[in-house]
Amino acid sequence: MLINAELLLQYQRCQRRPFLDTHADRSQRDVPNELLLKLQQDKTIHRQGILAHFTCHKPDYPQGNWEKGHAATLELMQRGVEYIHQGVLLINYQELANATSENIVSPHYERYTLLSRPDLLVKQPGQSCFGDWMYVPANIELGKRPKQEYQVVAAFHALVLAMVQKVAPSTAWLILRTKKIDHPVDLAKWAPQTQQVLEDFIQVLESPDAPEVFISRQKCNLCHWYSQCYAIAQSQKHLSLLPGVTPIRYNQLQSLSITTLESLANTSPITLENLVGFDGEVAPKLIVQAQSALQRRPFILPNLPSIENITITAPVELYFDIEAQPDLDLNYLLGVLVVDRQANTEQFYSFLAERPEEEELIWQQFLDLVWQYPEAPIYHFCVYEFDTVKRLAKLYRTPYSSVQPVLNRFVDVYEQLTQSVALPIESYALKAIARWLGFEWRDKEVNGAKCIYWYDQWLETGDRTLLESIQSYNEDDCRATRQVKDWFVNFVRDEYGWRLA
């Protein structure tokens, strides 16, 4: 059985995924979504851009024939070429375990072959089985930071390379999406940790059962096993579906045999507040969250903010949402829904940059509009809109007097709601809350990631229907924010008899 860097990378993110990749029916995997396809495309473009700076040799072998790929790579290394792109290095895990472990090695390890295909093998001075030179591995990653998972993968390549060239490389490199061309990896630190990750991974592979499901949406949404795992989690009413249950907190709850909504809902906050990952604020909030999910109704949270901090209903209200293309550092759509409650009118304004250079123009159009309503609160969902307005003001040197009064009118509906109520939902994303309230987007399948993909496609193809779809989605986001805000104000008022005016 082959263990490659991709399996090791995914194992660090989720123990379940590589188990399913090696043992489960691959026909049951989800179709790749647009964001995943875009990330794969971006990584390819990034890799090609980096490799353009090197004159590389690539081993010639039939696709998938790793033994011949290994032989072709050895031939290039013996010749002492400067750079080898995606060389193939193979060793039996038993060899590595015997060479690096003082413990008794399991005979099962003979079943596993380590396949290393670093993006680059770079020739360096030194002594190896090839002569007075050696190689060090370099991996190209799309991230901007040298994450632990990247460093473990780099150390994996170094461990396999050491067995092949009979000498440990002096270092390994990460080439990231930053101005700095490479990040050296401390192999003295990461090689032992990588060996432990390999050991743990093989133990998981040896198990007859897949690791427990844990839904972590930020990581799981791009996984091709997401639908299968999510269905299992729902059938189990797994605690990972409860907002606020992180892996650390889940482990702490398990240690107390708190594994169901019922047991968590009936737990005293004092039991939890001194545990790792908890405190006097998190513990009671999580318990109320469990009660809300169990009873399928909203609850007021403990320590509700004072009435002065609760949002109001105003004669004219603005609802604001942004669509951005992070790779271009571009905010290409500023959408504003103007609701005049006195005149009983609504109008949506879509300030759209059809080309990246039009960002400054739509920024000024946005400011012109919001200054037409100098007293109107500007509602948004999450902090991104607030931070972006500050950034755009700085970028385009907008006078303080023109932007600060605008920022003073911003009201973050997400922040106020999550500090005040617990809802019987799995996520406090805008879509989850609005759909719980009965709101639906005109295109039920669209999301922010798809809009990023669509805008890229617009720039490539000029297909205006893509822009129209993005504008519709942005308008629906504004209207969803309004529905969430209105419900929130009415719920708190009805629960406490407060007059929010």
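## Second pocket and helix H4

The second largest pocket of this predicted model has a volume of about 390 Å³. A pocket is an open set of 1 Å grid points where a 1.4 Å probe fits, with protein on both sides within 12 Å along at least five of seven lines. Its volume is the space filled by probe spheres set on the points. Lining residues have an atom within 4 Å of a point. There are 14 of them, and Lys 237, Leu 261, Ala 293, Arg 296 and Glu 426 lie nearest the centre. Helices H11 and H13 each give two or more residues to this lining. Helices (H or I, at least four residues) and strands (E, at least two) are DSSP runs, numbered from the N terminus.

The buried residues of H4 pack against these elements:

| Element | Residues |
|---|---|
| strand E2 | 83-85 |
| strand E3 | 89-92 |
| strand E5 | 120-128 |
| strand E6 | 131-140 |
| helix H6 | 148-165 |

Contact means heavy atoms within 4.5 Å. In H4, Gly 69, His 70, Ala 72, Thr 73, Leu 76 and Met 77 are buried (under 20% relative accessible area, 1.4 Å probe, protein chains only). They cover an arc of only 165° around the axis, so they sit on the same side of H4. The arc is taken from the directions from the helix axis to the C-beta atoms. Just after H4, Gly 80 has a positive phi of about 75°.

Of the chain's 501 residues, 49% are buried.

Residues are numbered from 1 along each chain as its sequence is written. Local features need pLDDT of at least 70, side-chain atom pairs count only at pLDDT 80 or more, totals for chains, interfaces and linings use all residues, and side-chain values use heavy atoms, without hydrogens and water.

Definitions and conventions: Buried < 20%, exposed > 50% of the residue type's maximum accessible area, 1.4 Å probe, protein only.
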